[in-house]
Amino acid sequence: MALLAVKVLVKDNQRSIGIAFTDNLTKRFGISEFVDNELYNNYEFLLIQLNIKEVLMCFSEKENLELSKIKNIAKDLDIKIKEMSPKDFKIKNIEHELEGILQVNSLKMLSHIDNEICKDSISAIIKHLLTTCELMESEKFEIYKYNLSQYMKLDIPALKTLSLFPNANSESNASLYNLLNRCKTPIGSRLLAQWIKQPLMDQNEIEKRHTLVEAFFKNSRTMRMVEEFLKSFPDIYKLSRKFEKKATTLEEVVRVYQTIVKIPDLITALEEIEDVNYLPLIEETYLSKLRELYETFKKYIELVETTIDFKAMDNHEWVVKSEFDDSLCRFSDQLNEIKNTIQEEYIRVGEDLEQDTLKKLKLEQSEIYGWCLRLTRSQSHCIKNKDYIELSVLKSGIYFTSLTMRRLSNEYNDVMAQYKEQQKQLIKEIIEIAASFCPVMEQLGLVISQLDVIISFSNISVSSISPYVRPIMSKNNKIMLKGSRHPCLEIQSDISFISNDVNLERGVSEFLIITGPNMGGKSTYIRQVGLIVLMAQIGCFVPCEKAEISIFDSILARVGANDSQLKGISTFMAEMLETATILQTATSNSLIIIDELGRGTSTRDGFGLAWAISEYIINKINAFSLFATHFHELTELSKKYSIVRNLSVIVHLENNDKNKDVIFLYKVKPGICDQSFGIHVAKMINFPENVVKLAKRKADELENSVSIIDEEKYASQDIKIGTNILLQIMNDWKEKIKESDMSGLEMLNIFRNLVQEKYISDIQNNKWIQKIISE
């Protein structure tokens, strides 16, 4: 579990952050120090990148706004929060313990760090690990500096918008992680989650992953052979931790052995890839490392084969073989000798009692009585008035022993106790020797986990309904996608997915405005672009016919409503907070995804904000942006800025009659869709028939009214605002009458109350609407 400690210092309105982090599987402390904005966006990006599960914070008795902000960010990511005493966040309080915890080079590095809040965060981490007994005496940790900019930045809305991981509050399991996770090992699945949160920024590293994926994509036989190896590979990181804590068993020692003896099979499988385009990278990434690790593991193999009794394993016994140790061998010989004598005594008793030793008289080893004899209850009279000791009478028979049998049983138990103690000591020594291979196990785990994720990428790429393609990573600023598809939606059995092209190019088409009706595919279109960009930068192939993509430093999103209202934040406030994040953190190399901005306030204010934010992005940020909207007026931006392109989702109306059924084609084309088709959508989702009819009639009346009004008497802005007000009223009314069992009167009353409570002022101030009402 990844653990992070954070300390904040605010001085002269500048917010400095110091963090330290680690996890249970690596002996490393990462540290970072940076300046953040008032929304703490960099801190948010870092929590996501590192997949943090628990945050340590300094406890404060006074209300602290800054601490509240960073606490709320952790809560939004479902991260556990632990508050610690201020004295735990003081490096000077643990200076005497550092030499026993940190490596020599790390101690020197720490002494050269000037940032005290960063050091204090290290202190809190170490204090926590000491308190929870998660630090062992023999462990020496390494410190390294973490560079936040080495990976693409993802904010919380982007995580949710792109459905990167399953949502616990959603019935649907559709997510990028579930789609790509064809990993065969636990360590591979964990690394995949890390890669999704850490898309690469280095083009060479991205293309290396693409080349590896392509190698297995084109060599399916090798891919299947590697998958067979991976199926039996254990969680080697967790085993390694158990070895270090001396909390492992001989069975687990053998399990590691059973894994590493198969490494030559893996090497042979990988060597089947002989294509010169892939072999050098396969050699560098896997083969050379596996050969070196296997050479080191040969001593481990020798240890196990020399000491472990493999024959006993057939009976699920995990013991050291007797011939390995003289004492163990002596005890084993004594036990066999005593068992032979016990067998002789058993035969003697059978002759004495004249009982068949195969059918009626049984020799048994009891946990209570040791070696003893059993007769059926019907034969119990045989031992009456004879020199035998009755032990117990049970349903299964009468248990008894002789003086000789009792003596032999005691001798056997005494020798067995010595045998077990010697086994225990030898197993302890074997585990200690095996634990010395922990660093090598962790190196093997790293190679195998990376191989597992690459194989998973190849598997999904080749087996998808339409195979994925290798993206071209362009140094020119562009996103050129031909026949792009949403990876999570196209696999659903009840969907025939329609592919679409995407063209974003610097200086030509940087800002795309997508208009169209609800359910028409606008949101799917903009989301799939974000997903495809992220998939390319984590090293996966992408669901397209052809793809050319430049590298982005962040994906920032503002899409739809969320559950902020449950936290006391209005929809509009949530919109503004998320949009503020975009405006403050986006760069010209960011990808911005915005859907339905401005719906949380009045139509007039919403449109004004949408226009202003769009202009700011176009003029100040210059980032590639996709903006899906119902504000058709926003398309006027294309007349002002040449880099703005208008797109719309195609809708088919039979006979071009607006009163006929609407058919969504889910195809995106250049142009503008100036109708919302709200009534048609309401009909499709089974709105009450009387409501649909009323809405159609009112829409017709409104259209006819508009057509007969002398527009010259009114300002065009009045007409534009008035139209939006009426549309907003209808949308709000639709939301409030979702219950299908409402009567017509109830619906009418809701309509009246809505107008009186929310829109009466807007209606009275709009001359155009007043004219419609008066007529």
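Is Phe21 buried or exposed? In this predicted model, Phe21 counts as buried, at 7% relative accessibility. The ring sits in strand E2 (residues 14-22), and its surroundings are picked up again below.

First, the overall picture. The protein holds 27 helices and 21 strands. Of its 775 residues, 50% count as buried. The accessible surface comes to about 37900 Å², and carbon and sulfur atoms take 48% of that. As for how the chain folds back on itself, take the contacts between residues at least 6 apart in sequence: 72% of them join residues at least 24 apart.

Back to the rings. A pair of aromatic rings is described by the distance of the centres and the angle of the planes. The structure holds 18 aromatic pairs. One of them joins Phe21 and Tyr146, edge-to-face, with 5.5 Å centre to centre and 90° between the planes. This pair links distant parts of the chain, since Tyr146 belongs to the loop between strand E6 (142-145) and strand E7 (153-154), 125 residues away from Phe21. Tyr146 is buried too, with a relative accessible area of 8%; the cut-off for that label is under 20%. Another pair is made by Trp371 and Tyr412: the ring centres are 5.6 Å apart and the planes stand at 90°, so this pair is edge-to-face. Here strand E9 (residues 370-375) supplies Trp371 and helix H17 (residues 403-435) supplies Tyr412, so to speak across the chain, with the two positions 41 residues apart in sequence. Trp371 is buried at a relative accessible area of 12%, and Tyr412 counts as buried at 6%. Phe21 and Tyr146 also belong to a cluster, in which ring pairs link them with Tyr144 and Tyr151.

Tyr151 turns up again around Pro199. That proline is found in the loop between H8 and helix H9 (203-217). Pro199 is buried, with a relative accessible area of 0%. Setting aside residues up to four places away in sequence, Pro199 touches Gln150, Tyr151, Met152, Leu154, Leu534, Gln537 and Ile538. For Leu154, the separation is 45 residues in sequence and 9.1 Å in space, C-alpha to C-alpha.

The two helices on either side of that loop each pack against another helix. On one side, helix H8 (residues 186-197) meets helix H18 (residues 438-463): the axes come within 8 Å and cross at roughly 70°. H8 and H18 are therefore roughly perpendicular to each other. H8 brings Ile187, Gly188, Leu191, Leu192 and Trp195 to the contact, while H18 brings Gly445, Ile448, Ser449, Gln450, Asp452, Val453, Ile454 and Phe457. Sorted by class, the contact has 8 nonpolar, 4 polar and 1 charged residues.

On the other side, H9 meets helix H14 (residues 279-307), with axes that come within 10 Å and cross at roughly 100°. H9 and H14 are therefore roughly perpendicular as well. Lys208, Thr211, Leu212, Ala215 and Phe216 take part from H9, and Leu281, Ile282, Glu284, Thr285 and Tyr286 from H14. These residues divide into 6 nonpolar, 2 polar and 2 charged.

Two serines round off the tour. Ser121 lies in helix H5 (residues 116-131) and counts as buried, at 0% relative accessibility. Leaving aside neighbours within four places in sequence, Ser121 is in contact with Ala5, Val6, Lys7, Gly18, Ile19, Ala20 and Phe89. Among these partners, Gly18, Ile19 and Ala20 fall within strand E2 (residues 14-22), the strand that also carries Phe21.

Ser509, in turn, has its place in a loop, the one between strand E14 (500-505) and strand E15 (511-515). This serine is buried as well, with a relative accessible area of 6%. With neighbours within four places in sequence left out, the contacts of Ser509 are Asn503, Leu504, Ile643 and Arg645. The C-alpha atoms of Ser509 and Lys478 are separated by 9.0 Å, and the two residues are 31 apart along the chain.

Terms used: Residues are numbered from 1 along each chain as its sequence is written. This is a predicted model: local features need pLDDT of at least 70, side-chain atom pairs count only at pLDDT 80 or more; totals for chains, interfaces and linings use all residues. Side-chain values use heavy atoms; hydrogens and water are left out. Axes are lines fitted to C-alpha atoms, for helices over the stretch in contact, and angles run from 0 to 180 degrees between N-to-C directions. Helices (H or I, at least four residues) and strands (E, at least two) are DSSP runs, numbered from the N terminus. Angles under 35 degrees count as roughly parallel, over 145 as roughly antiparallel, 65 to 115 as roughly perpendicular and the rest as oblique. Contact means heavy atoms within 4.5 Å. Ala, Val, Leu, Ile, Met, Phe, Trp, Tyr, Cys and Pro count as nonpolar, Asp, Glu, Lys and Arg as charged, and the others, Gly among them, as polar. Buried means under 20% relative accessible area, exposed over 50%, partly exposed in between (1.4 Å probe, protein chains only). Accessible areas come from the Shrake-Rupley method with a 1.4 Å probe; for residues, only the protein chains shown count as cover. Rings of Phe, Tyr and Trp (its six-membered ring) pair if their centres lie within 6.5 Å; planes under 30 degrees apart count as stacked, over 60 as edge-to-face and the rest as tilted.
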